Amino acid sequence: MRLGLAVCVAVASGMLAACQPPLPATLEFVDQSPLQPRLGEITTLRFRAIDSRGQPQPGVRVTFEVQAPVSGIEINPTEATTDASTGIASTQVVANGGRVSSVVVTARVEEKMAVSPAVTFAGASSTARQFTFQCGSIAGDGSGGVHAIGAFDETRHLIAGVKLNCIAHVADRNGDGIAGAQVSFLTEAGTIGPSASSVTDVVGNAQVLYKTSLPLPDDVKPGTFSWNPANDTIHTGEYLAPLWMHPFMWVEDPITNYAGPYNFQEPRRPDPIRPGKENNPRDNLVSIIAITTGEEAFDDLNNNGTYDQGEPFVDLTEPFVDNNDNGTWDATREGGTDGAERYVDANGNGKWDGKNGKYDAVSLIWVQERILWTGWPHDQDRRDPTSPSENYRSVIRALSPLPVGTKHRIGKFGQLLAEFLVADPWFNSLARNSDDDGCESGTVGPVKVAKLTKGIAVTYPAYTLMRYVIQDVRDPTSDTVPDYPTPINWEATAGCAFTASPEDGHKVVVSAPRVFGDIFP
């Protein structure tokens, strides 16, 4: 009797006892699904048997095993038969331990063998320690670092619709980005659109578009910066102002006392065009928060992948929008604004709760971002600092060339350094969001202006030191260089450009203090 490809084994009785296909010519790995499993998820691995004709071979019994023992890894089934039509046999792998695991699975048919790629199981849930939220992209897609946008004109009128992309990044405790995580957002001022939530992409980034609009930021009283902010059951421990505002260099009148000494007192000035108003930097510091589900951060001292009693952890309050920057939720807001600060009632008890004193493996985790809304000076903001009003504080001050306000000479092919301080009406640096921002043009006579301070600003102290160079227009490399019969007067009032936002932001030009003189023949 012909049995085709089957191999029959007869026993002494002459009866057929067993029959199975021959060994496959090749055993190969096919695929893995999903490609990036997380702890607790099931991953399917498929292998195919190929016969001597290069066709899928059905009915082959395949055994599966891990290449090396790995704690917490389960493989099921350990044996399977190839499919009749595809020649494929599959098994499933799951990692139930609390730590990142990596495993290689081997499929065998007697001496034939195929090996899977390493299957790595990342952490299962997002963690507060790896949850970041920043606005703007200055270091590539998905990065952050734009801290200010131009939101007001010189009369303190809102310029609605100034845009900024903000990016939240969700990851597990091992730093692996988590795809498909739902992230929600709340803001003190302006709007987040098109909705107040977003879903993370394949690398764990959730992006939203932020726009200036009503409501305005809360008008707050000047404060005092401390390196040791309150950090207790109801306080987050956040600084009064982010360090990129240089609050450690604060003094009440930073333009007059730009070189110190500093006393941590927030800058402040009477608003010359709004009677009764006192301006300070945090008046336009906007708090935005991102919220998702995850675990509180902890130190895994014994490296077992789970929290154990006594291990240090970071206790979180319920999420809230800190309008007045004091690190805790307030039922009454400053500046006569009606209503309490916004918060998320994570436990549904109808009130805001501080830290609960215990580690939460599943909770609402949140992170805060703060951005400045800036404006540009009105003529009333830049009056001569020697104004008879003792309360007047200018936002512009010329520093060089010295003496300020006198005639200066530039030699043939020479140049003159010009420096001045400039702040917005609230004693913040003006938003500067273009690589081309800086001081140029604005000259009369045979001189030109070249930028020294230029490009995107990364930090925002109470003022910006702007620097540029006034140069003889004559080129020393030219074959024909004119000589002037007598010194020629020149004047420079450089126009300094400030871009409101990296997202189609408008440009503002602020005139530098006038510098004048003559140029040597």
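Q: Which residue forms a salt bridge with D271, the closest N and O atoms being 2.8 Å apart?
A: First, some ground rules: this is a predicted model, where local features need pLDDT of at least 70, side-chain atom pairs count only at pLDDT 80 or more, and totals for chains, interfaces and linings use all residues. Residues are numbered from 1 along each chain as its sequence is written, while side-chain values use heavy atoms and leave out hydrogens and water. A salt bridge here is a side-chain nitrogen of Lys or Arg within 4 Å of a carboxyl oxygen of Asp or Glu. At 2.8 Å between the closest N and O atoms, the partner of D271 is R274.

Q: Is D271 buried or exposed?
A: Buried means under 20% relative accessible area, exposed over 50%, and partly exposed in between (1.4 Å probe, protein chains only). Its partner R274, at 24% relative accessibility, is partly exposed. D271 comes in at 5%, so it counts as buried.

Q: How far apart in sequence are the parts that R282 and D325 tie together?
A: R282 and D325 form a salt bridge, with 2.8 Å between the closest N and O atoms. R282 sits in the loop between strand 21 (278-279) and strand 22 (285-294), and D325 in the loop between strand 22 and strand 23; strands are DSSP runs of E with at least two residues, numbered from the N terminus. The pair therefore ties together parts whose separation is 43 residues.

Q: Are R282 and D325 buried or exposed?
A: Both ends of this salt bridge get one label. R282 and D325 are each buried.

Q: Which residues do salt bridges that share partners join into one network?
A: Here the D271 and R274 pair from the opening turns up again, as part of one network. Its members are R156, R269, D271, R274 and D381.

Q: Which residue meets K163 in a salt bridge?
A: The rule gives 27 salt bridges in total, and in the one made by K163 the N to O distance is 3.4 Å. The partner lies in the loop between strand 32 (495-499) and strand 33 (507-511), while K163 is in strand 15 (residues 163-169), so the pair ties together parts 341 residues apart in sequence. K163 is partly exposed at 25% relative accessibility. Its partner, exposed with a relative accessible area of 72%, is D504.

Q: What volume does the largest pocket have?
A: A pocket is an open set of points on a 1 Å grid over the protein atoms alone, with protein on both sides within 12 Å along at least five of seven lines; a cavity is a set where a 1.4 Å probe fits but cannot get out, and lining residues have an atom within 4 Å of a point. Points are joined across faces, edges and corners, and volume is the space filled by probe spheres set on them. For the largest pocket that gives about 650 Å³.

Q: Which strand gives the most to the lining of the largest pocket?
A: Of the 26 lining residues, the closest to the centre of the pocket are T236, E238, W366, V367 and Q368. Two elements give two or more residues each, strand 13 (132-135) and strand 23 (363-374). With five residues, the one that gives the most is strand 23.

Q: How many residues in the lining of the largest cavity are charged?
A: The largest cavity holds about 100 Å³ of space. Among its 15 lining residues, A398, S400, P401, R514 and V515 are the closest to its centre. Counting Ala, Val, Leu, Ile, Met, Phe, Trp, Tyr, Cys and Pro as nonpolar, Asp, Glu, Lys and Arg as charged, and the others, Gly among them, as polar, the lining has nine nonpolar and four polar residues, and the charged ones number two.

Q: Which residue does a cis peptide bond join to S400?
A: Most peptide bonds are trans. This one has an omega of about 5°, and the partner lies in the loop between strand 24 and strand 25 (407-410). The residue joined to S400 is P401.

Q: What is the phi of S441 near?
A: S441 lies in the loop between strand 27 (438-440) and strand 28 (443-444). S441 is partly exposed, at 47% relative accessible area. Its phi is positive though S441 is a residue other than glycine, with a value near 55°.

Key:
Helices (H or I, at least four residues) and strands (E, at least two) are DSSP runs, numbered from the N terminus.
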